[in-house]
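Please open the model in your viewer and keep the selection panel at hand. The stops below are given in the order in which they are best selected.

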Amino acid sequence: MIVSTVTAGVAALALLLAPAAALPPAFWMMALLAVLVDARPYVVPGRRASAVILPSICFTFAVVLAWGAAPAIAVQLAAVVVAGSRMRHSLRRTVHLGLQHTAALTAAAGVAGLGHLRIDASPDWWDALVICAAAVAWITARHAVAGLVRGLTSDGRGPVRRRRRGHADLLASAALLLLGPVVLVAALVAPILLPLALLALHAVHRMVRWAGESERATRFDTLTGLPNRRALQNAMAERAPDRRRALLLLDLDRFRTVNDALGHGAGDRLLTRVADRLTAVVPDHDLVVRLGGDEFAVLATRVEDPAAARRIAQHLTEALSRPFPLDGTPVELSASIGIALQSGRRDASTLLVEAESAMYEAKQRGDQVAMHGPEAAKHTPDRLSLVADLRTALRRDPPDDGIVLYYQPQIAIATGEVVGVEALLRWRHPERGTVGPEELLRAAEPTPVMRLLTARVLEEVVAQLAVWRDGRTPLRAAVNVSARDLHAGDIADRVGALLERYSVPADLLQLEITESALMADPHRVLETTTRLCRMGVAISLDDFGTGYSSLQHLRRLPLSEVKIDRSFVLGMTSDRGDAAIVRSVIGLAEALGLRAVAEGVEDEATWRLLAAAGCHTAQGWFHARPMPAADLREWLARYRPVRPGKRGEIDSAGTSQTSSNEGAGWPPSPAKR
């Protein structure tokens, strides 16, 4: 193929230059090399064909400086024919490339003529300046023609990205052009040295190739070959006024199980096959992207309404439901898909947050598909503002970030002893005032900011545990972690590093997970909690009874305790159903060897009912409100354990005092009795 292509090019060159047969041997050698080197043009991956770099310009630029425009254009057109044939270009693309180089050589010849350039074996400084000006004219003319043709044939979108990508092309073109005069002088002195220029051309070829690979790495995923997050953001930033687009974010369920069972190599092969299957079922006008890990995305560009977006999601789930053959084993996969519709002027970041929020909603509900609804979108600007402020705050050092932890004691019902505390989050926003944990977590959990917040809380809690240990009052502290933290998988490593840094025993830290986090991806949660348990960190199932977890999950998870949701505990004294549920959970925990902790204990009657039912631990305003660490130290100094049987002491304390004085606690100090 190469031989026939070059032969055709040489024949075309001979026909073009037949009238100029009196040209010197140096010209013919450079003309032959120009046609020969274009059998291997420089193509940057992912670029338009019109941006191809022809190594022949090194020789044709030298020809135009020494012998004028006509011979140089003839040689260049022959080389373009060779390059177009090698790259399998259409006639239209080949003509486009020929026009660019013809205009470029004509401009360079004009500058050389105006500068009265005369090339011989000893050029001077003026000659060097004229050569540089001719090279600038060459580059300017070529890009002007390319831009003109592109403007006439395209819809006008996307020029900014192409401009940003042109630096490597410009550098390579300049290097080839300025190498031309050096080659010309060598040809005039000793033509036998001309083939040595091929080594320099090879170096430029490698430079262009490396630049292309580097650029591709910034826009494509190295494992699957799919576009990456940056490419998705660029695609979403392009305006599409006449089209409504939808972003579908896919998170593979139970992917870590494959990694654990078959190894990470098999997991990588599975991700590649998932990418291939998604690419096969998604139309060419849509974009399939790998965001990282086991997350993929599809940008659908022709969506009429939400129902059409749901049909696309259903099509994707059906494609992924077919088994993936992997090392002779059929692997079953499913995915949770969140959908966000792009309308108006919402930017790429907003759309990604909305799709991710919908995806986590699908996981929490146990569904495969969820759409970011209008009611969620109504609050999006406020939530995004809150999350942005939180991210900014977390970049500051404590206590300037406004993050404050309060600690609420947990009391052993049988003995009255303080057995631990729960860390509760508050944020003192500079404009909104104190932001409670529910509002804060509802805004942060669907975003990557949640992991930053968890890291900040864990750091402070573990540091506080070290202070209590050094003060000879060791306490166990419980910290709530989100579904995002558990699904990330690296929380065990982060916790282990913190415990080691502060020399805190692992049994002083307890992590609380919710049923919604458990149901989102039970296998991944099981893996993460098992690692934490092996480290010695206790795991608590929070808000038990409000979700949909099965008894099988309760049995399989490495739990230390179950926390009964406050909604049941608060109704114990007035609702027989709530009381029955609480007693049942306590009995179940006892049978499984777990501690039962009741939240929301606010009066003596509830405390006595819990004691009668055999509940292990109570937490609520009846004993103490949440308080800062400094106030907790004073509270612990005043606190005296009282068992449920000592009714007189309880009655003398009362409950109104605890409810009206934050941090005072119960029972009061002897001076208050």
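A residue is called buried when its relative accessible area is under 20%, exposed when it is over 50%, and partly exposed in between, with a 1.4 Å probe and protein chains only. This is a predicted model, in which local features need pLDDT of at least 70 and side-chain atom pairs count only at pLDDT 80 or more, while totals for chains, interfaces and linings use all residues. Residues are numbered from 1 along each chain as its sequence is written, and side-chain values use heavy atoms, with hydrogens and water left out.

Begin with Trp 67, which lies in helix H3 (residues 57-67); helices (H or I, at least four residues) and strands (E, at least two) are DSSP runs numbered from the N terminus. Because its relative accessibility is 22%, Trp 67 counts as partly exposed. Add Arg 118 to the selection: 51 residues separate Trp 67 and Arg 118 in sequence, and their C-alpha atoms are 9.7 Å apart in space.

Next, select Arg 88, in the loop between helix H4 (69-86) and H5. Arg 88 is exposed, at 73% relative accessible area, and has a positive phi of about 55 degrees although it is not a glycine. Most residues other than glycine have a negative phi.

Move on to helix H5 (residues 91-114), where Val 95 is found. With 43% relative accessibility, Val 95 counts as partly exposed. Select Leu 91 and Leu 99 as well, since Leu 91, Val 95 and Leu 99 form a nonpolar patch on the surface, with about 310 Å² of accessible area together.

For a buried stop, select Val 303, in the loop between strand S3 (295-300) and helix H13 (306-321); its relative accessible area is 4%, and therefore Val 303 is buried. Val 303 and Ala 246 are 57 residues apart in sequence, yet 6.6 Å apart in space, C-alpha to C-alpha.

Now show helix H18 (residues 449-470) together with helix H20 (residues 491-502), whose axes come within 10 Å and cross at roughly 30 degrees. The pair is therefore roughly parallel, a term for angles under 35 degrees.

Finish at Ser 503, in the loop between H20 and strand S12 (509-514). Which sign does the phi of Ser 503 have? The phi of Ser 503 is positive, at about 55 degrees, although Ser 503 is not a glycine, and Ser 503 is exposed, with a relative accessible area of 52%.

How values were computed. Patches are made of residues with over 30% relative accessible area and no salt bridge: like charges are joined within 9 Å, nonpolar side chains (Val, Leu, Ile, Met, Phe, Trp, Tyr) within 5 Å. Accessible areas come from the Shrake-Rupley method with a 1.4 Å probe; for residues, only the protein chains shown count as cover. A salt bridge is a side-chain nitrogen of Lys or Arg within 4 Å of a carboxyl oxygen of Asp or Glu. Axes are lines fitted to C-alpha atoms, for helices over the stretch in contact, and angles run from 0 to 180 degrees between N-to-C directions. Angles under 35 degrees count as roughly parallel, over 145 as roughly antiparallel, 65 to 115 as roughly perpendicular and the rest as oblique.
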